[in-house]
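Please open the model in your viewer and keep the selection tool at hand. The stops below can be followed in order.

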Amino acid sequence: MAKEMIDLDLDGKVVPVPRELVSGLAAAAAARAGVSARHRDLSLLLGRALESGAVSLDQAGVRALCAVIEEPQDGRYGPVGAALLREAAA
């Protein structure tokens, strides 16, 4: 059975991402929501993506996403997170 994917539109580039990764990124962004409006906004957008199956991020959203992935997590997001980071940076 294939993993359910969420379509992230990274400022015009659509990337399918596993639901589990989107959920983890939303939780990490929410954890920083009290100190960063960018993280708060990202957590809300990713939460909506979990409900709808897709989300569109502008340049600021993509930067916030990269910041969350790059935060020290001891490889928490694994190779899929690294691939998403490469896609976002491209």
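Begin with the hairpin that E1 and E2 form, in which 2 residues lie between the strands and Asp11 in the turn has a positive phi of about 55°. This is a predicted model, in which local features need pLDDT of at least 70 and side-chain atom pairs count only at pLDDT 80 or more, while totals for chains, interfaces and linings use all residues. Residues are numbered from 1 along each chain as its sequence is written, and side-chain values use heavy atoms, with hydrogens and water left out. Helices (H or I, at least four residues) and strands (E, at least two) are DSSP runs, numbered from the N terminus.

Next, select strand E1, residues 5–10, and show its side chains. Ile6, Leu8 and Leu10 point to one face and are buried, while Met5, Asp7 and Asp9 point to the other face and are not buried. Here buried means under 20% relative accessible area, exposed means over 50%, and partly exposed lies in between, with a 1.4 Å probe and protein chains only.

Add strand E2, residues 13–18, which runs antiparallel to E1 and is joined to E1 by 6 bridges; two strands pair if DSSP finds at least two bridges between them. In E2, Val17 is the bridge partner of Ile6. Then add strand E3, residues 54–57, which pairs with E1 in the parallel sense over 4 bridges, and look for Val55, the bridge partner of Leu8.

Move on to helix H3, residues 59–70. Its 12 residues should span 16 Å at 1.5 Å a residue, and the end C-alpha atoms are indeed 16 Å apart; the expected span is 1.5 Å times one less than the number of residues. At the N-terminal end of H3, Asp58 acts as a cap, with a side-chain oxygen 3.2 Å from the backbone nitrogen of Ala60. The buried residues of H3 include Gly61, Leu65 and Ile69, and the buried residues of this helix pack against E1, H1 (19–31), H2 (37–52), E3 and H4 (78–89).

Which residues touch the most other members of the largest nonpolar core? Among its 26 residues, these are Leu8, Leu10, Leu25, Leu42, Leu46, Leu65 and Leu84. E1, E2, H1, H2, E3, H3 and H4 each supply at least two residues of this core. A nonpolar core is a set of buried Ala, Val, Leu, Ile, Met, Phe, Trp, Tyr and Cys residues joined through side-chain atoms within 4.5 Å. Centre the view on Leu84, which, leaving aside its neighbours within four places in sequence, is in contact (heavy atoms within 4.5 Å) with residues including Leu8, Val15, Leu21 and Leu65.

Finish with the charged pairs: the structure holds 4 salt bridges, each a side-chain nitrogen of Lys or Arg within 4 Å of a carboxyl oxygen of Asp or Glu. Glu4 forms one with Arg19, the closest N and O atoms being 3.1 Å apart. This pair links distant parts of the chain, with Glu4 in the segment before E1 and Arg19 in helix H1, 15 residues apart. Glu87 and Lys13 meet in another, at 2.7 Å from N to O, and this pair joins helix H4 to strand E2 across 74 residues of the chain. Glu87 counts as partly exposed because its relative accessible area is 31%, and Lys13 is partly exposed at 34%. Lastly, select Arg40 and Asp41, which form a salt bridge whose closest N and O atoms are 2.9 Å apart.

Terms used:
Polar contact = N/O pair within 3.5 Å; in protein donor to acceptor, adjacent residues only side chain to side chain.
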